[in-house]
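Please take a look at the chain shown here and turn it around a few times. Then let us walk through it together, step by step.

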Amino acid sequence: MSRIPWWIRVPLLFFIVFGLMEYFIDSGDKPAIIEYPITQFFMLMVLLILIAIEVILKSVENVMFQTLSAEAQERYLAAKNKKPEYKWINGIYKRLTRSRSIDREQEIILDHNYDGIRELDNVLPPWWVYMFYVTIIFGLVYLVRFHIVGDYTQAIEYENEVAEAKIAIEEYKKTAKNLVDVNTVEVLTDASDLAAGEKIFTANCVVCHMADGGGGIGPNLTDEYWILGGGIKNVFRTISEGGRDGKGMVAWKNSLKPVEMAQVASYLLQFQGTTAANPKAPEGEIWVDPDAPVAPEVPAEEVPAEQAQDSLTVAMN
Ligand code: HEC
């Protein structure tokens with residue numbers, strides 16, 4: 001340790017402590033030093049203590065030095081100023097390259113000579129040979145694992161990754177509900193979401209659509225007739241962008257957050273099939289969900305199988 005100069009030693013120890021702290025303190029996405037300001041104070045203390053230790057060591061060294069005889073002082077200084085020799089690093093370097101020093105090149109020079117260009121019979125450098133052995137071992141393990149035992153195929157690996165990604169997306173959606181838009185919105189079924197939807201509906205929509213969805217200025221929301229299309233995506237878009245010009249249904253995207261529009265849309269879709277106290281006559285057309293399960297004539301499995309094939313081809317390309 002004493003060989004390393006203090007201006008490397010102090011920052012090195014400082015960053016080791018810092019790294020350990022960041023590693024052991026669980027602070028979510030942000031580094032602990034930002035998440036918990038107390039750690040800044042802690043690191044400051046660490047720095048001060050390191051500096052204090054350096055100062056103490058230095059003064060102890062000074063005191064000791066003063067007590068030495070003149071001759072011993074000289075010896076001490078000589079030992080201290082000796083250049084460090086990195087013997088073991090040089091040793092490793094030599095062993096990994098096995099290069100001949102220039103003054104011994106005569107021993108390995110080959111006896112052909114092309115216009116003064118000559119060739120040295122160097123051995124393959126061991127670092128290269130070792131890496132080559134490693135690739136052979138890797139290849140053997142790979143051969144046995146995937147071509148003889150058949151651990152798993154690329155296709156299975158792909159499917160697994162997609163499944164994992166889907167789970168991750170679900171997790172992410174839960175924390176990022178506000179990111180829904182007309183393309184990603186889905187019917188919310190959580191009681192808390194529906195309760196929130198009811199609140200929004202009561203506060204903003206009842207005047208025109210009635211509390212039971214029966215309709216007034218706005219159309220009846222309990223029947224299967226829709227002017228602007230039924231289903232969560234169309235309803236979400238209608239709420240977000242508003243109805244036809246001059247009809248009175250404004251674009252709510254300015255006053256409601258995306259998640260709120262998804263909540264109120266999910267809530268009002270529950271009116272479907274109920275009977276309102278004072279229902280307005282149907283307007284628009286019967287809306288059939290194009291994504292609904294198709295009639296049993298088409299074998300249900302054919303479609304997904306074909307799709308899977310497609311995505312596989314893409315993945316392999
Ligand atoms: C000022 C009255 C008014 C208010 C308030 C209002 N709407 Fe409407 N709403 C309408 C009218 C009128 C239409 C028909 C628009 C059209 O014909 O283009 C409509 C249409 C709709 C439709 C489409 C119905 C269909 O048949 O396609 C939905 C869904 C809807 N409103 C939901 C809501 C929600 C949710 C709220 C509250 C956030 C709300 N509305 C607030 C008047 C209103």
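We will begin with the whole chain, then visit a loop, a core and the surroundings of a ligand.

Keep in mind as you read that this is a predicted model. The chain has twelve helices and two strands. Reading from the N terminus, you meet them in the order α-α-α-α-α-α-α-α-α-β-α-α-β-α. The radius of gyration is 38 Å, well over the 20 Å that the globule rule gives for 317 residues, so the chain is more spread out than a compact globule. If you line the chain up along its principal axes, the C-alpha atoms fill a box of roughly 110 × 65 × 40 Å. Buried residues account for 12% of the 317 residues.

How are the domains laid out? The domain assignment gives domain 1, residues 6-81, and domain 2, residues 182-286. Their centres, taken over C-alpha atoms, are separated by 66 Å. A single pair of residues shows a separation too: Gly-213 and Lys-58 are 155 residues apart along the chain, and 84 Å separate their C-alpha atoms. As for contacts between residues at least 6 apart in sequence, 66% of them join residues at least 24 apart.

Now find helix H5, residues 87-97. How many of its eleven residues are buried? The count is zero, which leaves H5 hardly covered. Right after H5 comes Arg-98, with a positive phi near 50°. Most residues other than glycine have a negative phi. Arg-98 sits in the loop that leads from H5 to helix H6 (126-148). Arg-98 is partly exposed, because 13 other C-beta atoms lie within 10 Å. Further along the loop between H5 and H6 you will find Asp-115. Asp-115 also has a positive phi, about 50°, although it is not a glycine. Is Asp-115 buried or exposed? Asp-115 is exposed, because it has 5 other C-beta atoms within 10 Å.

Next, let us move to the largest nonpolar core, which has 17 residues. Those with the most contacts inside the core are Phe-236, Ala-262, Val-264, Ala-265 and Leu-268. Helix H8 (191-204), H10 and H11 each give two or more residues to this core. H11 provides the largest share, with six residues. Try tracing the neighbours of Leu-268: not counting residues up to four places away in sequence, Leu-268 touches Phe-201, Gly-213, Leu-221 and Val-235.

One of those partners, Gly-213, deserves a visit of its own. Gly-213 lies in the loop between H9 and strand E1 (225-226). Is this residue buried or exposed? Gly-213 is buried, because 25 other C-beta atoms lie within 10 Å. Leaving aside its neighbours within four places in sequence, Gly-213 is in contact with residues including Asn-220, Thr-222, Phe-271 and Ala-276.

Our last stop is the ligand. Which of the 23 residues around the ligand come nearest? They are Cys-205, Cys-208, Gly-218, Gly-243 and Met-249. Helix H9 (206-209), helix H10 (231-241) and helix H11 (258-269) each give two or more residues to this shell. H10 and H11 are therefore familiar, as they also give two or more residues to the core you just saw. Sorted by kind, the shell around the ligand holds 14 nonpolar, seven polar and two charged residues.

Note on methods
Residues numbered from 1 in each chain as written. Predicted model: local features only at pLDDT ≥ 70, side-chain atom pairs only at ≥ 80, totals over all residues. Near = placed C-beta within 6 Å. Helix = DSSP H or I, 4+ residues; strand = E, 2+ residues; numbered from the N terminus. Nonpolar A, V, L, I, M, F, W, Y, C, P; charged D, E, K, R; others polar. Domains from an automatic or database assignment. Rg over C-alpha atoms; globule rule 2.2 N^0.38 Å. Buried ≥ 20, exposed ≤ 12 C-beta atoms within 10 Å, placed from the backbone. Contact = placed C-beta atoms within 7 Å. Core = buried A, V, L, I, M, F, W, Y, C linked by C-beta atoms within 7 Å.
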